[in-house]
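The following exercises concern secondary structure, burial and helix packing. Each task is followed by a solution in steps.

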Amino acid sequence: MTGDPTEAGNSEFEQRARALLIRSAEELPGAVRSRLTRARYAALAARPSQTPSLARRWVPAGVAVAAALGLLVLYLPHGRGLGENPVANAGMEDIELLTDNDAVPLNGDQDVDYDFYEWAAEEAAGATAPTLGS
Amino acid sequence: MAAFASLGAQTADLIPPGKAHLRDTTQDAARTLETFLTSVERKAFRIAQIALRHEADALDVVQDAMLQLSSRYASRPPEEWRPLFYRILENRVRDVQRRRSVRSRVMAYLPWRGQVEDDTVDPIEQAVDKAPLPPAQLESDEAMAALEQAIAALPARQQQAFLLRNLEGLDVAETAATMKCSQGSVKTHYFRALQALRLKLGEFRT
């Protein structure tokens with residue numbers, strides 16, 4: 001046992017070992033050093049950005065535009081122009097219906113003479129039924 | 001460097017006008033991270049290489065650790081990066097060792113084992129360089145090889161404690177944070193590692 005084991009590098013053995021290890025790390029072949037450099041650049045490129053990215057900045061605007069388009073699609077009438085709007089043309093149609101002589105009168109049942117029909121029915125029944133003793 | 005410059009330019013483009021302080025902060029943070037990665041990459045590679053005894057695997061592991069630190073923990077205070085980075089590195093090393101262990105167990109049961117060699121070695125890469133080395137260099141290389149072999153034979157925790165303290169130069173508290181154990185455990189692991197290495201190597205010369 002040599003000295004305090006908690007203090008690395010105190011003994012000659014440790015100093016020699018450390019010197020060897022550090023030298024071996026410093027004298028790596030060129031190919032290895034090059035590969036390590038490439039690995040470092042790849043790692044730096046993978047670092048997440050600290051600033052809002054372009055895509056992230058445009059997300060709220062994109063959502064707003066999409067919502068506006070959705071509302072337009074929902075509320076705009078499909079397949080009809082403004083001139084064909086039924087609400088706009090309702091007045092004209094009503095007038096045509098009222099002025100058409102061939103149309104079935106809307107208040108037709110008010111002119112029906114129900115007494116006449118009842119009398120006619122009774123007469124018809126009396127004519128067809130044979131009277132007793134005749 | 002060109003790649004980094006273009007990255008900086010791209011980042012700068014995204015910053016809205018009137019928020020230049022954000023650009024400065026971002027560039028400073030990127031520079032700090034780059035400096036940190038530069039300071040640890042070689043040592044991290046050596047730690048992984050000694051643990052895995054495989055250059056390509058060690059490079060992959062270091063790259064993974066860098067990527068994970070950068071993508072997940074870059075927002076943490078820089079003083080936390082070192083222990084975090086070495087903890088990630090250690091986890092990756094263990095993953096590779098576990099995968100190897102499973103693969104070797106599976107391969108042992110396969111009837112055609114030995115016929116398929118996916119880790120084909122390049123004979124040119126493996127060829128010994130015949131050029132004579134200066135005696136001092138030769139001695140140093142031999143000493144390094146012996147040390148590396150002895151460290152690789154240590155149990156994982158002892159190996160980790162020894163390398164983090166001697167190669168990376170972490171203190172006991174940082175090593176404990178990296179190894180996720182108490183400072184007392186770090187001291188014990190380190191002391192045992194030292195004893196085992198001494199026993200194996202004696203007072204080797206550099």
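**Exercise 1.** How are α3(B) and α4(B) oriented to each other: roughly parallel, roughly antiparallel, roughly perpendicular or oblique?

*Solution.* This is a predicted model, in which local features need pLDDT of at least 70 and side-chain atom pairs count only at pLDDT 80 or more, while totals for chains, interfaces and linings use all residues. Residues are numbered from 1 along each chain as its sequence is written, and chains are lettered from A and ligands numbered from 1 in the order in which they are written.

Step 1. Take the axes as lines fitted to C-alpha atoms, for helices over the stretch in contact, with angles from 0 to 180 degrees between N-to-C directions. The axes of helix α3 (residues 55–72) of chain B and helix α4 of chain B come within 9 Å and cross at roughly 135 degrees.

Step 2. Angles under 35 degrees count as roughly parallel, over 145 as roughly antiparallel, 65 to 115 as roughly perpendicular and the rest as oblique. α3(B) and α4(B) are therefore oblique to each other.

Step 3. Residues in contact have C-beta atoms, placed from the backbone, within 7 Å. On the α3(B) side these include B:V61, B:V62 and B:L69, and on the α4(B) side they include B:W81, B:F85 and B:I88. By class, this contact has eleven nonpolar, one polar and three charged residues.

**Exercise 2.** Characterise the contact between α4(B) and α8(B).

*Solution.* Step 1. The axes of α4(B) (residues 81–109) and α8(B) (residues 172–179) come within 8 Å and cross at roughly 45 degrees. The two helices are therefore oblique to each other.

Step 2. B:R82, B:P83, B:Y86 and B:R87 of α4(B) make the contact with B:E174, B:A177 and B:T178 of α8(B). Three nonpolar, one polar and three charged residues take part.

**Exercise 3.** What percentage of the residues of each chain is buried, and which residues of α7(B) are buried?

*Solution.* Step 1. A residue is buried if 20 or more other C-beta atoms, placed from the backbone, lie within 10 Å of its own. Of the 134 residues of chain A, 10% meet this criterion; in chain B the buried share is 31% of 206 residues.

Step 2. In helix α7 (residues 156–166) of chain B, nine of the eleven residues are buried, so this helix is largely enclosed by the rest of the structure. The buried residues are B:Q158, B:Q159, B:Q160, B:A161, B:F162, B:L163, B:L164, B:R165 and B:N166.

Definitions and conventions. Helix = DSSP H or I, 4+ residues; strand = E, 2+ residues; numbered from the N terminus. Contact = placed C-beta atoms within 7 Å. Nonpolar A, V, L, I, M, F, W, Y, C, P; charged D, E, K, R; others polar. Buried ≥ 20, exposed ≤ 12 C-beta atoms within 10 Å, placed from the backbone.
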